[in-house]
Amino acid sequence: MTNVQIATAFAFSMLGVPYIYGGQSRAGTDCSGLVQQILDQVGLDPKNDQNAQALFNILKTKQIEKPCEGRIVFFGSKITRIHHVGYCISEDR
């Protein structure tokens, strides 16, 4: 399996896990906790507890025109106000 396939399989395995602010486990997770767990599956977790802004600051590489499976996407009003992070499982999800 590729790293993207491993990450996506893990993301799907987390469906149904409750949202808990600051959570990073199957007992409950938030957006940044989920992304950190996904990254950890392929050896890329930046370690420590990171919020969405911190993950952006660590992981930003380039702006992309079209999301695709395996991309980490960030949401905010500007690059200094990132408030949500997600993992793409396809071009539109």
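The following dialogue explains several terms as they apply to this predicted model.

User: What makes a feature admissible in this predicted model?

Analyst: Local features need pLDDT of at least 70 and side-chain atom pairs count only at pLDDT 80 or more, while totals for chains, interfaces and linings use all residues. Residues are numbered from 1 along each chain as its sequence is written, and side-chain values use heavy atoms, with hydrogens and water left out.

User: How do you know how many helices and strands the protein chain has?

Analyst: Helices (H or I, at least four residues) and strands (E, at least two) are DSSP runs, numbered from the N terminus. By that rule the protein chain has 3 helices and 4 strands, in the order α-β-β-α-α-β-β from the N terminus.

User: Why is the protein chain called as compact as a globular protein of that length?

Analyst: The radius of gyration is taken over C-alpha atoms, and the globule rule is 2.2 Å times the number of residues to the power 0.38. For 93 residues the rule gives 12 Å, and the protein chain has 13 Å, which is close; therefore it is as compact as a globular protein of that length. Along its principal axes, the C-alpha trace spans about 30 × 30 × 25 Å.

User: Why is helix H2 called largely enclosed?

Analyst: A residue is buried at under 20% relative accessible area, exposed at over 50%, and partly exposed in between (1.4 Å probe, protein chains only). In H2 (residues 31-41), 8 of the 11 residues are buried, so the helix is largely enclosed by the rest of the structure. Among them are Cys 31, Val 35, Ile 38 and Leu 39. For the protein chain of 93 residues, 33% count as buried.

User: Which elements do the buried residues of H2 pack against?

Analyst: With contact meaning heavy atoms within 4.5 Å, they pack against helix H1 (3-13), strand S1 (24-25), strand S2 (28-29), helix H3 (52-59), strand S3 (72-76) and strand S4 (82-87). After H2 comes Gly 43, with a positive phi near 75°.

User: How do you know that S3 and S4 pair, and in which sense?

Analyst: Two strands pair if DSSP finds at least two bridges between them. S3 and S4 have 5 bridges in the antiparallel sense, and thus they pair. Gly 76 has Ile 82 of S4 as its bridge partner, and a hairpin of 5 residues joins S3 to S4.
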